[in-house]
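Got your viewer open and a selection box ready? Here is a walk through some stops worth clicking on, from helix packing to unusual backbone geometry.

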Amino acid sequence: MAKRPSPRRTRARGESRPPKTQTAFAVPSDRIERGLVTGESQGLLEDYFGPEAYRQLRDLALDASTRSVRGGPRVLILPGVMGSTLARKGLLGIEDTLWIDPLEIALGRLSELTLSGAPSIYHASGVILFTYLKLKLRLKIAGFDADFFPFDWRQSLTDLGAALGAALRHDAAAEVQLVAHSMGGLVARAALATPAGAKVKRLVMLGTPNYGSYAPVQALRGTYDVVRNLARLDLKHTPVQLAGDIFGTFPGLHEMLPAPGKCETVNLYDPAAWPAGDPRPRPERLAAVKPVLDQLAPADQRFYLIAGVNQQTTVGVRMQNGDFAYDFSAEGDGTVPLAFARLDGIPPGQTWYVEEQHGSLPNNGKVESAVIDVLSTGATHALPSSQPAVSRAVTTVTEHELRALRAPALSGSEAYRHLIDSFAAPVRAGAAAASEPATPSAPTTAAGETPPLQNLVIGRRRQRRLEITLANGSLTEADSQAYVLGVFRDVAPSGAALAIDQRLDGAISDFSARRIFGGDVGELFTLPASRSRLGADLVVFAGLGPFDRFNADVHQLAAENIVRMMVRSHVTEFATVLIGAGGGQSVPAVLANLLTGFLRALHDADPRHRFRGVTFCETDPARFAEMKAALLSLSGSALFDEVELTLDEVRLPAPAPARGAAVLAAGPEPLYAMIRQEAASGGALHFRVSVLGSGMKAAVVSLAQNVESSNLDELLRGFDAVAGTNRAWDVGSFGVKFGELMLPGDVREILAASSDRHLVLVHDAAASRIPWETLKIGEWQPGLAAGISRHYLADDLPIATWLEQRRAQPGLKLLLIVDPTQNLPGAVTEGDRILKLAAGIDGLEVTELRRDRATKPAVLAALRSGRFDIVHYAGHAFFDEKARGRSGLLLAGENVLSGADLTGISNLPFLVFFNACQAGRVRGGKPAAPGTPPASRAAETSCGVAETMMRGGIANYLSTYWPVGDDAAETFASTFYQGVLGGGSLGAALLDARKAVDQLGAKDWADYILYGSYDFILKRRA
């Protein structure tokens, strides 16, 4: 075939200029997905997805990030033709994305995709997320372990099927289900023909051209809308050049021509049957098609098809005046004729229909719901299984007429998203999943603002009446029967809860420190309130569970339980805030979840329609306006189909100053990081690492982190070899390594960006042996900055018990327990040090139980007396790994003081300071005493003992990793005890003590571990 000339392309009048800056189209898919979760690069991602689609996808991404899908049914999502991004490795291994980056297309770089027979430097690097991400996220939310399988759509189905077969073979799952759009279905059929295809349980095809399509015919002739759109942007290539010189070299495109024998009017596999003018397909490409198609797997009981209908589609081609003429009808999805999608052999009842365009099939809400159903059960009622009525009218359009059509102007990100709509289209604005409430646009005034809500009645069938009031102001000023707040587990109440706390003389902070608020999902706690201080009779706390597992299901369940309790308690209305907004979901999503749960409970638990209304309070004007617009949108949705809704809005007065008792220290809200191990497989530990912090664009970020067990063990061995010795070692270097190993990069960035906040680490037993106190990210060491403390992920911790009157009493009374087993010289030294220290600190009073006097009855009697603020213990710990509840402190006669022994004592000390097993190690580089555990093991022991002490009712627990040097121990204890004596919080006293030890040049500042409330105040200032 003669080489065609390629004259320099000049821009036609009115054509768009290329984008001047790099856009998110060039950003790798995985980074875009992470950006949705972390909230970074919001403007860039809004340009890529569109503002409304960005909000919807961000909400879904945050929800999906909380779902543990490990072990769930394995699903691979295959995109369609042109639906995978193509990139090459650039400098430093950075991906250089060409397809589909508008900037690179405008510069004429599409010619680099030409296949000449030599291996291509480009590979499939990801998928076009504005088309396929929504499906993946919904699958994850439904519990499926879903991933993309991108492929180089230029290549032959034979090669692509072999690559998918290899991926199936190496996948750890015993069974895999495939969801394949367009060409992806052909790739899947090619893989099913390989031995690995037996692993496939189901194949769900979305608009797959099983017998081809006429779109490739038009693409190879340069008349297809996708080719013309690209040429409109490309400054160097015409449609003819793109079709002939570039797309004409792709085997994959030729293999989607109408299958041999399916087009009766033209033999498309005879080069002579094509029009004489360029562009024309290459004869060798045409000759290679049939053998490839013959190798595709035939349909069997595993095949399912969702086909688009009632869209104007090319359904035939004929020769007319030396050119092709195309027949169009509604019997297809706009790209694939229905007759070409239907595959012989698909079992009856396993084909469904939807009125949708081909490129939008993957992100159509009803299609997504149907896919979830089919993968779960093999059937669905989300779509009809009988073909809708279709107009059979046929129109004919010639190639001359197609070329004369004016291509759409391309300007800005909106146009770039629609470059290849026929193959891969973005989520349409306002398109919601079948399971989601519709969100029509809210009415606006001429100025673009929503009008005031003044007794606006939105009527339905009047089966139920509900009044919703939007209050611009503080919840403390709302006049209502009850106030309702949400609390995460292991997170201290903040925001509106603290404002209410001031009106209740610190009752909320006191109950929080005592662990009265459990925070488990759906758990409710009711606190009677005085109407003289608040405009409500009750304050109700609704548990939202751990923040790393907070999602739409949890949100709706908590809301449902709130209304169930109100109905059962004959409370007819309540005021609340946007409960769960701290999880990072958008205001519309938060409001939709709350109202869904509220209404679900009303329909089920309030048959007499006694409940009257809800008031939503918001102080921020922008969020108030957003809440108002979202409510107006929801009011027109199916959510309120059986409700007569009355909407109103009020402005609340400014709250009056109020003072509350200081139980927890005031200050900036802390940053929470949760680390839990989800599974272990093949030598790898699979952790979930999550962050909760106020002020972030996405307040909850939850990411997976896979850690090689051997790497962690090696790092811990290195740490154990030097911790607690006089050998030269750098705390920070270990902190950097532990951070890089255990925390995803995005989490480290988020933590470092909030370096002014105290860091609370919430972890399970698996993460307890990590010396988090050494953590260092860049130049930031939280242990020496705003401080670091821990919470242990333990179920059903009981209420902490202490005498509140001890807070107001002057002086600090300490029970010192020294060497009960009489075999730890280091413990004796520690006891002598504390006695000497007490003599020099005014207000520090010590009662000692030393060696054989520290019997279990004597210790229990001292604890029951209610005299002591702190227990300082220097001795052995007993740790039972298999039965952690039996762990505890070893007393004289080797009797164990466990948490069970403390149960029922209502006047326990505020704090247990445990300086235990490590006291048996000899410093100065000498070997540890026999049986002395390494530092990482000691940390795990401390965690176990902390748990059993807290299960006995102890509020706070302080321990160490390794034996502390004499000077460091004296400096730490002196600074710490003086800090709590002076009215400082535990966290502040601990931070000051760490800094004082650091000033000595000692590594022991990182030795101390605090489990409990960092802002707990032992002694109130006068």
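Start by selecting the first helix pair, α1 and α5. The two are oblique to each other; helix α1 covers residues 29–38 and helix α5 covers residues 129–141, and they pack at an angle of about 60 degrees with axes 12 Å apart. On the α1 side, show S29, I32, E33 and L36; on the α5 side, show L129, L133 and K136, and you have the residues that make the contact. Colour them by class and you should get 4 nonpolar, 1 polar and 2 charged. If you look along the pair, the crossing of α1 past α5 is right-handed. Please keep in mind on every stop that this is a predicted model.

**The unusual bond after W99**

Move on to the backbone and pick the peptide bond from W99 to I100. This bond is cis, with omega near 10 degrees. I100 sits in the loop that runs between β3 (95–99) and α4 (102–106).

**Helix α7 and its surroundings**

Now select residues 183–192, which form helix α7. How many of its residues are buried? The count is 10 of 10, so the helix is mostly covered, buried here meaning under 20% relative accessible area. The buried set includes M183, G184 and R189. To see what surrounds these residues, display β1 (74–78), α6 (157–170), β6 (176–181), β7 (200–206), α11 (251–254) and β8 (303–308), against which the buried residues of α7 pack.

Keep α6 on screen with α7. Their axes come within 7 Å and cross at roughly 70 degrees, which makes α6 roughly perpendicular to α7. The crossing is right-handed. For the contact itself, select L157, L160, G161, L164, G165 and L168 in α6, then M183, L186, V187, A188, A190 and A191 in α7. This contact divides into 10 nonpolar residues, 2 polar ones and no charged ones.

Step back to S182, in the loop between β6 and α7. What is notable about its backbone? S182 has a positive phi of about 55 degrees although it is not a glycine. Its relative accessibility of 3% falls under the 20% cut-off, so S182 counts as buried.

**A cis bond before P279**

Next, zoom to D278 and P279. The peptide bond joining them is cis, with omega about 0 degrees. P279 is located in the loop between α11 and α12 (283–287).

**Two loop residues further along**

Jump to Q822, in the loop between β26 (812–818) and α27 (825–839). Here again you can check the backbone torsion: Q822 has a positive phi of about 55 degrees and is not a glycine. Is Q822 buried, partly exposed or exposed? Its relative accessible area is 43%, and Q822 is partly exposed.

Then select S865, which lies in the loop between α28 (856–864) and β28 (870–874). At 35% relative accessibility, S865 counts as partly exposed. Draw a distance from a polar atom of its side chain to the backbone nitrogen of R867 and you should read 3.3 Å. For a second distance, try the C-alpha atoms of S865 and E848: these residues are 17 apart along the chain, and the atoms are separated by 15 Å.

**Helices α31 and α32, and the loop that follows**

Select helix α31 (residues 966–981) together with α32. The axes come within 8 Å and cross at roughly 150 degrees, which makes α31 roughly antiparallel to α32. The crossing is right-handed. Among the α31 residues in the contact are F972, F976 and V980, and among those of α32 are L986, L990 and R994. By class, the contact has 10 nonpolar, 3 polar and 2 charged residues.

For the last stop, choose D1004, in the loop between α32 (986–999) and β34 (1008–1011). With 4% relative accessibility, D1004 counts as buried. Which side chain does D1004 meet in a polar contact of 2.6 Å? The partner is W962. Also show the backbone nitrogen of G965, which the side chain of D1004 reaches at 3.0 Å.

Notes. Residues are numbered from 1 along each chain as its sequence is written. This is a predicted model: local features need pLDDT of at least 70, side-chain atom pairs count only at pLDDT 80 or more; totals for chains, interfaces and linings use all residues. Side-chain values use heavy atoms; hydrogens and water are left out. Helices (H or I, at least four residues) and strands (E, at least two) are DSSP runs, numbered from the N terminus. Buried means under 20% relative accessible area, exposed over 50%, partly exposed in between (1.4 Å probe, protein chains only). A polar contact is a pair of N or O atoms within 3.5 Å; within protein, one must be able to donate a hydrogen and the other to accept it, and residues adjacent in sequence count only if both atoms are side-chain atoms. Axes are lines fitted to C-alpha atoms, for helices over the stretch in contact, and angles run from 0 to 180 degrees between N-to-C directions. Angles under 35 degrees count as roughly parallel, over 145 as roughly antiparallel, 65 to 115 as roughly perpendicular and the rest as oblique. A crossing is left-handed if the near helix is turned anticlockwise from the far one by less than a right angle, and right-handed if clockwise. Contact means heavy atoms within 4.5 Å. Ala, Val, Leu, Ile, Met, Phe, Trp, Tyr, Cys and Pro count as nonpolar, Asp, Glu, Lys and Arg as charged, and the others, Gly among them, as polar.
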